[in-house]
Amino acid sequence: MRNKRNSLIHLIYFSRALLSADATARARELAEIARQAQKRNEFSVITSFMIVEQGYFLQVLEGERSSVQDTFARIANDRRHRDVQIVEWREIVKREFMTSFNTAQRTPASEALFQKANLQPMLQRGTPKAAIIYGLARALQADTMAKQGIDHLFV
């Protein structure tokens, strides 16, 4: 049996993004977030998937309990987030995400996946359910993998 302190968990959170309204500056800010998160997550052996949607961040973090706790504490204190809310925190048997940090935004190419998840109305009414965030992140990852010619993930 695994030690509770070292058990594998996933944490799903939702927050308001405090980013520039200017598209060019916003793209630079998101690139910087990705650069920092990838480096820190690799060091902490965390896998994650973040969805950026109309001024909101939705993210799934996976890893050892202590690493995820430390990472989430950093996120909650990051000036680029406001109203950070944990949507789900639970033990998992295996990781579902393949990289230390991956991100997606609504684009014409991914619109069907966002509509299928019915995400936009959920954000307007409040915190989306964990299953919606998790399902959309998995669908976006699968779509990215398919476009790269990867048909399955070994974890």
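Hello everyone. When I say contact today, I mean heavy atoms within 4.5 Å. Please keep that in mind as we look at this structure, which is a predicted model.

Let me start with isoleucine 33. You will find it in helix α1, which covers residues 23-44. What does isoleucine 33 touch, once we leave aside its neighbours within four places in sequence? The partners are Leu19, Met50, Phe57, Arg80 and Phe101. Take the last of these: phenylalanine 101 sits 68 residues away from isoleucine 33 along the chain, yet their C-alpha atoms are separated by 9.7 Å. Is isoleucine 33 buried or exposed? Its relative accessible area is 10%, and the cut-off for buried is under 20%, so isoleucine 33 counts as buried.

Now let's step back to the whole chain. The protein chain has five helices and five strands. Reading from the N terminus, the order is β-α-β-β-α-β-β-α-α-α. Of its 155 residues, 43% count as buried. If we take contacts between residues at least 6 apart in sequence, 78% of them join residues at least 24 apart. As for the surface, the chain exposes about 8800 Å², and carbon and sulfur atoms supply 52% of that.

Next, please find serine 15, in strand β1, residues 8-17. How accessible is serine 15? Its relative accessibility is 0%, so serine 15 counts as buried. Its side chain makes a polar contact of 2.7 Å with the side chain of histidine 81. Setting aside residues up to four places away in sequence, serine 15 touches two runs of the chain that you can pick out by number: Gly55, Tyr56 and Phe57, then His81, Arg82, Asp83 and Val84. Phe57 may sound familiar, as isoleucine 33 is in contact with Phe57 too.

My last stop is glutamate 96. Where is it? Glutamate 96 is in the loop between β4 (81-91) and β5 (102-105). With a relative accessible area of 15%, glutamate 96 falls under the 20% cut-off, and therefore it is buried. Which side chain does glutamate 96 pair with? A polar contact of 3.4 Å links its side chain to that of arginine 138.

So that is our short tour: isoleucine 33 in helix α1, serine 15 in strand β1, and glutamate 96 in the loop between β4 and β5. Thanks for listening!

Technical notes: Residues are numbered from 1 along each chain as its sequence is written. This is a predicted model: local features need pLDDT of at least 70, side-chain atom pairs count only at pLDDT 80 or more; totals for chains, interfaces and linings use all residues. Side-chain values use heavy atoms; hydrogens and water are left out. Helices (H or I, at least four residues) and strands (E, at least two) are DSSP runs, numbered from the N terminus. Buried means under 20% relative accessible area, exposed over 50%, partly exposed in between (1.4 Å probe, protein chains only). Accessible areas come from the Shrake-Rupley method with a 1.4 Å probe; for residues, only the protein chains shown count as cover. A polar contact is a pair of N or O atoms within 3.5 Å; within protein, one must be able to donate a hydrogen and the other to accept it, and residues adjacent in sequence count only if both atoms are side-chain atoms.
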